Amino acid sequence: MKVQIGKYKNKRVLAVVAHPDDLEFYAAGTISILSRSSRVHLAVVTNGENGGSMGKEKLKALRRREQRKAAKVLGIKEVVLLNFRDTQVVNVPNLRRRLVEVIIVFKPEMLITFDPANEHELHPDHRNLGQAVIDSLIAVDVRGWKVGEVLLFNTLRPNVFVDVSSVWNLVMDSNRAHKSQFSEFNGGWEEKRRILEEKAAILGSKRGAKYAEAFRRIDLSSRTYITQANESIREEFD
Ligand SMILES: [Zn+2]
């Protein structure tokens with residue numbers, strides 16, 4: 001599927017993630033390209049307060065600050081912190097109601113979130129949130145807003161690759177903003193940087209780019225499900 005993210009103009013984009021640093025890890029480059037010509041907003045469902053050794057309240061405040069700083073690097077207009085509890089994200093009416101509210105406020109043409117169908121993903125927050133976002137869309141529809149497309153990151157079935165080589169410095173800077181996540185126990189920033197480079201280089205090699213990010217794109221505007229199925233088969237074998 002040929003999708004040129006760089007040509008997107010004047011769109012409203014809403015990314016929805018489970019924890020501070022999720023978006024940066026999977027989609028920082030794409031977000032920074034989109035935010036040049038579109039309004040990008042970010043909703044972060046939890047504060048990631050379980051991801052560190054310091055006290056939860058202190059870490060919560062720190063991670064919220066780090067998220068705002070990283071978002072600024074990527075050109076994100078506004079960050080909404082939904083304050084659900086870390087490691088306890090479940091696809092229940094309470095979460096979906098909140099997601100619907102946020103989507104209705106920002107009225108995005110494009111949503112970006114986790115692919116819930118990645119069976120290699122071990123973190124239930126990630127899978128559950130992706131499914132909750134998708135499951136919110138019927139209620140959004142009923143409330144009178146139609147999201148045109150969804151880009152799912154952390155996917156095993158990508159059909160869109162975005163060359164992010166030209167904005168790699170922003171990918172690095174936004175990830176490095178999450179300083180609370182680096183320690184001697186996990187190899188620190190150097191290890192995180194190595195993982196990011198390796199992942200982006202593997203994805204890039206599939207499309208002749210130095211660094212790339214990959215997504216599963218679902219086109220909701222045409223509702224031509226059969227055509228999309230055919231396209232994805234062609235994509236897999238080309
Ligand atoms: Zn996460």
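Select strand E5 (residues 149–153) to begin: Glu149, Leu151 and Phe153 point one way from the strand, Val150 and Leu152 point the other way, and all are buried, where buried means under 20% relative accessible area, exposed means over 50% and partly exposed lies in between, calculated with a 1.4 Å probe on protein chains only. In a regular strand the side chains alternate between the two faces of the sheet. Since 5 of the 5 residues of E5 are buried, the strand is largely enclosed by the rest of the structure. Strands (E, at least two residues) and helices (H or I, at least four) are DSSP runs, numbered from the N terminus.

What you have open is a predicted model, in which local features need pLDDT of at least 70 and side-chain atom pairs count only at pLDDT 80 or more, while totals for chains, interfaces and linings use all residues. Residues are numbered from 1 along each chain as its sequence is written, and side-chain values use heavy atoms, with hydrogens and water left out.

**The neighbours of E5**

Keep E5 selected and add E4, which pairs with E5 in the parallel sense over 5 bridges; two strands count as paired if DSSP finds at least two bridges between them. Here Ile112 has Leu151 in E5 as its bridge partner. Next add E7 (residues 212–219), which runs antiparallel to E5 and is joined to it by 4 bridges. Along this pairing Leu152 stands opposite Arg216 in E7, and Val150 stands opposite Ile218 in E7. Strand E7 is itself mostly covered, with 7 of its 8 residues buried. Continuing outward, E6 (residues 160–163) is joined to E7 by 4 bridges, again antiparallel, and Phe161 has Ala214 in E7 as its bridge partner.

**The whole sheet**

Now show every strand together: an open sheet of 7 strands has the order E3-E2-E1-E4-E5-E7-E6, with mixed pairing. E3 and E6 stand at the edges with a single partner strand each, so one side of each is left without a neighbour in the sheet. From one strand to the next the twist averages 25°, with axes taken as lines fitted to C-alpha atoms (for helices over the stretch in contact) and angles running from 0 to 180 degrees between N-to-C directions. Within this order, E1 and E4 pair in the parallel sense over 3 bridges, and Val13 has Met110 in E4 as its bridge partner.

At the E3 edge, select Asn83, which lies in strand E3 (residues 78–84) and has a positive phi of about 70° although it is not a glycine. Asn83 is partly exposed, with a relative accessible area of 43%. Helix H2 (residues 56–73) lies across E2 and E3, running at about 155° to E3.

**The zinc site**

Select the zinc ion next, whose protein donors are His19 (ND1), Asp22 (OD) and His126 (NE2), lying 2.0 to 2.1 Å from it. Donors are N, O and S atoms within 2.8 Å of the metal (3.2 Å for Na, K and Ca), and because water is not among the atoms, sites may look incomplete. In sequence the donor residues are spaced H-x2-D-x103-H. His19 is buried at a relative accessible area of 6%, and Asp22 is buried at 4%. Then move to Asp21, in the loop between strand E1 (12–17) and helix H1 (22–34), where phi is near 90°, a positive value in a residue other than glycine. Asp21 also counts as buried, at 12% relative accessibility.

**The core and helix H3**

Turn to the largest nonpolar core, of 66 residues, in which Ile112 and Leu129 touch the most other members; such a core is a set of buried Ala, Val, Leu, Ile, Met, Phe, Trp, Tyr and Cys residues joined through side-chain atoms within 4.5 Å. The largest share of this core, 8 residues, comes from H1. Select Leu129 to find its contacts (heavy atoms within 4.5 Å), among them Val16, Val45, Leu95, Leu99 and Phe114.

Finally, select helix H3 (residues 93–106), whose buried residues include Leu95, Leu99 and Phe106. The buried residues of H3 pack against E1, E2, E3, E4, H4 and H5. The end C-alpha atoms of H3 are 20 Å apart, which agrees with the 20 Å that its 14 residues should span at 1.5 Å a residue, the expected span being 1.5 Å times one less than the number of residues. H3 is followed by Lys107, whose phi is positive, near 45°.

Notes: Lists of a residue's contacts leave out its neighbours within four places in sequence.
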